[in-house]
Amino acid sequence: MADISAQSLKQLSAWRKLAAHHGEIEGIHLRELFAADPNRGERFTIDDIGIYLDYSKNRITGETLRLLLELAEASGLRERIEAMFRGEKINVTENRAVLHVALRAPRSGSLFVDGEDVMPGVHKVLDQMADFADRVRGGEWKGYTGKPIRNVINIGIGGSDLGPVMAYEALKHYSRRDMVFRFVSNIDGTDFAEAVGGLDPGETLFIVASKTFTTQETMTNAHTARRWMLDALGGEEAVSRHFVAVSTNAEAVAKFGIDTANMFEFWDWVGGRYSMESAIGLSTMIALGPQNFRAMLAGFHEMDEHFRKAPFDRNIPVLMGMLSVWYNNFFGSQTVAVLPYEQYLKRFPAYLQQLTMESNGKHITLGGEKVDYQTGPVYWGEPGTNGQHSFYQLIHQGTKLIPCDFIGFARSLNPLGKHHDLLMANLFAQTEALAFGKTEDEVRAEGTPDRLVPHRVFEGNRPTNTILCERLTPEILGKLVALYEHSVFVQGTVWGIDSFDQWGVELGKVLAGRIVPELEGPDRPQLGHDSSTNALIRRYRSLK
C-alpha cells in the first residue's frame, strides 16, 4: 500500500500534474465545455445498480478524470479498499478493523477479523432483531400492564441517533402508521420532555443505544426515561418490559434493570456513524419490518460490491470522492451542498454531516504528521424546493464556489397532481442555471434597464452532480448511504488520514465533566478556568 505519510501528498507526481492542469482549465466555462462536446451530457454519466449519476456539469475534461484517477491509484486506493474488506486494522489510531460492510453482507458470505469469521455473529444478531421486531409489531410483546407496545423511543446520540432517525424519516412511507416512533439524543431536557409528551407509559418501549452503556447524554436520558416509566407504572420489574438495550456492557445493562436476553450486540469494528444497519437500527426494523430492513441491507451490499469491483472510471463512489478532492484541494472550495429533491430525505444532509465531517475532519496523517493541504469540507443542505427560497441565492450569485449534489427520483411515493413534475422541473432547472448562468447580453436582450443588468447576471460555472433513481425504496436508501460512506473513504485515502476515529469529540466532553460539579450543589469548588469561562460560569450560577 502506498505510504502517503512518508511523502507529502503535494509532492506526488499525480498531484503536481493536477495542479498544473487546474491552472490550464480554471478559466474555462462549462458553456465552452458543452459547446465543444455535444455528447458531453451522455458521456460523463454512469448508469449502474439502479443509480444514474450525471457528472457532466463539473468543471472537468477527460484529462481531468484521467489525472484524478491517477492520483487515486498513486494514493493506494485499490489496496486500501481490499485491506478494508479483508478486515485489516486500517483504523490505526484505535488498532481496529473497519468492517461495516460485514453488517450487510449475505448470510452465505464470510469476512474475517483476527482470523474469525464475523458473519455468523452478524446474522445471529439480525435474527434476534427480526424476532423481537415481529413480536413488538404483532402485539405479542406486551408492557408491564399487559398492553401492546404502540410507541417506540430510541435513546442514543451521534451514530446511535442520526442513522435511525434519518432512516425512519426516509422510509416513513413503508413504516407502521399505527405506531409512534420518536428519537431522543440531546441532553437538553426539552428533547426528552417533547418525545414522551402525550404518550401512555404502559404502551411505550425505550431502546437505549450505547455500546459502553456509559455515554453521558444517552444514559442521562435513559435514567430520566426510567424514572418517567416507574413514576407511572410503579414496580421495578416494569423496566424489563419497557426497556431493551443495544450495547456490549451486559453488567451495566443488567444493573439498569434490562434483561440481558433483550440486549442486542454490536462490535468494535463498527464505528458509530457506520452502524445504522447493525442493532443500532432496531427501531428502524420495528418501524419497517424485517423484510424491508433486509431489503435496505441488500442495497448497501450491492453498492459495496460495486465499489469493490467496478473499474475506477465507472465507479460511482470513486468518481464522486475524487471530484470532491478536485474542488476541495484545487479550487479551494470549503463546502459541499447535498440537495435532495425528496421530502422523505429531509434528514439525509444532517446524517451526512456526521458521516463526512467526523470521518475526514482531521489534520494529522496516518503517519502522525501534520497535513499541508485541506482535508474534509463542510457538508450541509436542505431538501428542495425549500432551499431555493433561502440559501440558493448565495450558491448562484455569491462569491463562494459551492459544489452541489442533487438527488432526485423519477417516481413519487405520493403522486398528487402536478406536484412531482414541478419538483423535478426545479431540480433540472437548478443544475442548468448553476452550470450555464445568464450572460450580460442575455439579460439586456430581455429589456432589462442598464442599471439592473449587473444584478441580474448569473455567472454560472457552478459545478453539480445529479443522482437520479426511479423511486425511493429501502434498497435505494441503502445504496445512497453506502455511496457516501465509500466516497468519504476515497477522500480520506487520498488525504492519508484515518477516516474511522473521532478523537476530536473527546476534549469538550472531558472539560464538561470538570465543569458539572462547579454548577451543581451549594458547595461549589473554586473555579480554575480561563477568565472568560470563569465569568460565564459565575453568570450562569447567578441566573440559575
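This report walks through the sheet, helices, cores, cysteines and unusual backbone spots of a predicted model.

## The parallel sheet

A good place to start is the open sheet, where 5 strands line up in the order β6-β5-β7-β8-β9 with parallel pairing. Its edges are β6 and β9, each of which pairs on one side only. As general background, strands of a sheet pair through backbone hydrogen bonds, in either a parallel or an antiparallel manner.

At the β6 end, residues 151–155 make up β5 and residues 180–184 make up β6, and the two strands are joined in the parallel sense by 5 bridges. If you would like a residue pair to look for, Asn-151 sits opposite Val-180 of β6. Helix α7 (residues 159–170) joins these two strands in a right-handed β-α-β unit. At the β9 end, β8 and β9 run parallel and share 2 bridges. There, Ala-245 has Met-263 in β9 as its bridge partner.

## Two helices to follow

Helix α6 covers residues 119–137, and its 19 residues reach 26 Å from the first C-alpha to the last, close to the 27 Å expected at 1.5 Å a residue. Buried residues in α6 include Met-119, Val-122, His-123, Val-125, Leu-126 and Met-129. Further along α6, Ala-130, Phe-132, Ala-133 and Val-136 are buried as well. In general, residues three or four places apart on an α-helix point the same way, because there are 3.6 residues a turn. The cover over the buried residues of α6 includes three strands of the sheet, β7 (204–209), β8 (243–246) and β9 (263–264). Strand β4 (116–117) and helices α12 (282–288) and α13 (290–309) are also among the elements that cover them. Just past the end of α6 comes Gly-139, with a positive phi of about 85°.

Helix α14 (residues 316–330) makes a nice companion. Its 15 residues should span 21 Å at 1.5 Å a residue, and the end C-alpha atoms are indeed 21 Å apart, so expectation and model agree. As for its surroundings, 15 of the 15 residues in α14 are buried. Just after α14, too, there is a glycine with a positive phi: Gly-332, at about 75°.

## Nonpolar cores

The largest nonpolar core has 127 residues. Those that touch the most other members are Leu-71, Trp-269, Ile-286, Phe-348, Ile-467, Leu-477 and Tyr-484. Helix α20 makes the largest contribution to this core, with 12 residues. A second core is separate from it and holds 24 residues, among them Phe-192, Leu-230, Ala-238 and Phe-243.

Ile-467 is worth a closer look. Leaving aside residues up to four places away in sequence, its contacts include Ile-51, Tyr-52 and Leu-53, along with Met-320, a position within α14. Phe-406, Ile-407 and Gly-408 also touch Ile-467, as do Leu-480, Leu-483 and Tyr-484.

## Cysteines without partners

There are 0 disulfides in the structure. The closest cysteine sulfur to that of Cys-404 belongs to Cys-469, and at 18 Å it is too far away for a bond. Likewise, Cys-469 is in no disulfide, its nearest cysteine sulfur being that of Cys-404.

Both of these cysteines are out of the way of solvent by the accessibility criterion: Cys-404 counts as buried at 1% relative accessibility, and Cys-469 is buried at 4%.

## Loops and unusual backbone

Most residues other than glycine have a negative phi, and most peptide bonds are trans. Against that background, a few loop positions deserve a visit. Asn-95 has a positive phi of about 50° and belongs to the loop between α5 (77–85) and β3 (112–113). Phe-213 has a positive phi near 60° and lies in the loop between β7 and α9 (216–233). Are these two residues buried or exposed? Asn-95 is exposed, at 51% relative accessibility, whereas Phe-213 is buried, with a relative accessible area of 5%.

The peptide bond from Gly-384 to Thr-385 is cis, with omega near 10°. Thr-385 belongs to the loop between β11 (378–380) and α16 (392–397). Finally, Ser-499 lies in the loop between α20 (474–495) and α21 (506–519), and is buried, with a relative accessible area of 2%. Beyond residues up to four places away in sequence, Ser-499 touches Arg-273, Tyr-274, Ser-359, Asn-360, Lys-362, Val-488 and Gly-492.

Key. Residues numbered from 1 in each chain as written. Predicted model: local features only at pLDDT ≥ 70, side-chain atom pairs only at ≥ 80, totals over all residues. Heavy atoms only, no water. Pairing = 2+ DSSP bridges. Helix = DSSP H or I, 4+ residues; strand = E, 2+ residues; numbered from the N terminus. Right-handed = clockwise from strand over helix to strand, strands pointing away. Expected span 1.5 Å × (residues − 1). Buried < 20%, exposed > 50% of the residue type's maximum accessible area, 1.4 Å probe, protein only. Disulfide = S-S within 2.5 Å. Contact = heavy atoms within 4.5 Å. Core = buried A, V, L, I, M, F, W, Y, C linked by side-chain atoms within 4.5 Å.
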